[in-house]
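Colleague: Could you walk me through reading surface patches on a model?
Modeller: Gladly, let's have a look together.

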Amino acid sequence: MGISRVQKFKDYRNSLIKEEAPVLETPKSSSESDQNYDHLDTTSTLPMDEVIKTLNEEDEEAVFIKKQRRMNALKIALFVLVGVILVAGIVVFGILVWR
């Protein structure tokens with residue numbers, strides 16, 4: 001019959017215990033300060049120029065939207081004024097003709 005798993009492990013352990021066996025040590029890890037971490041080289045903050053540029057773009061967008069709303073309001077007011085003048089003109093014309 002074959003050698004059992006337990007017997008193989010015992011033989012392996014005994015071979016490590018022998019005096020002429022090489023010393024197996026776990027390599028010591030270097031300190032954390034010696035290691036180079038890539039994630040420490042980057043930041044999670046945006047550059048100041050990008051932030052200021054974005055704020056300026058938002059201000060420009062707000063000004064553009066205000067101008068667009070103002071133009072729409074002026075167009076509507078102009079159409080209403082033209083309508084009122086047209087109706088007033090028709091009424092005045094009717095009064096003058098059918099007097």
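Colleague: Which residues gather in a patch of negative charge on the surface?
Modeller: Keep in mind that this is a predicted model. The negative patch is made of Glu57, Glu58, Asp59, Glu60 and Glu61.

Colleague: Where does aspartate 59 lie, and how should I read its exposure?
Modeller: Aspartate 59 belongs to helix 2, which covers residues 48–97. To join a patch, a residue needs over 30% relative accessible area. Aspartate 59 has 49% and is therefore partly exposed, since that class sits between the buried limit of 20% and the exposed limit of 50%.

Colleague: Which residues form a nonpolar patch on the surface?
Modeller: Leu46, Met48, Val51, Ile52 and Leu55 do, and together they offer about 470 Å² of accessible area. Take isoleucine 52, another residue of helix 2. Its relative accessible area is 42%, so isoleucine 52 also counts as partly exposed.

Colleague: And the chain as a whole: how many helices and strands does it have?
Modeller: Two helices and zero strands.

Colleague: What share of the residues counts as buried?
Modeller: Just 2% of the 99 residues. For the surface itself, the accessible area of the protein chain is about 10300 Å², and carbon and sulfur atoms account for 63% of that.

Technical notes. Residues are numbered from 1 along each chain as its sequence is written. This is a predicted model: local features need pLDDT of at least 70, side-chain atom pairs count only at pLDDT 80 or more; totals for chains, interfaces and linings use all residues. Side-chain values use heavy atoms; hydrogens and water are left out. Patches are made of residues with over 30% relative accessible area and no salt bridge: like charges are joined within 9 Å, nonpolar side chains (Val, Leu, Ile, Met, Phe, Trp, Tyr) within 5 Å. Accessible areas come from the Shrake-Rupley method with a 1.4 Å probe; for residues, only the protein chains shown count as cover. A salt bridge is a side-chain nitrogen of Lys or Arg within 4 Å of a carboxyl oxygen of Asp or Glu. Lys and Arg count as positive and Asp and Glu as negative; His and the chain ends are not counted. The place of a charge is taken as NZ of Lys, CZ of Arg, CG of Asp or CD of Glu. Helices (H or I, at least four residues) and strands (E, at least two) are DSSP runs, numbered from the N terminus. Buried means under 20% relative accessible area, exposed over 50%, partly exposed in between (1.4 Å probe, protein chains only).
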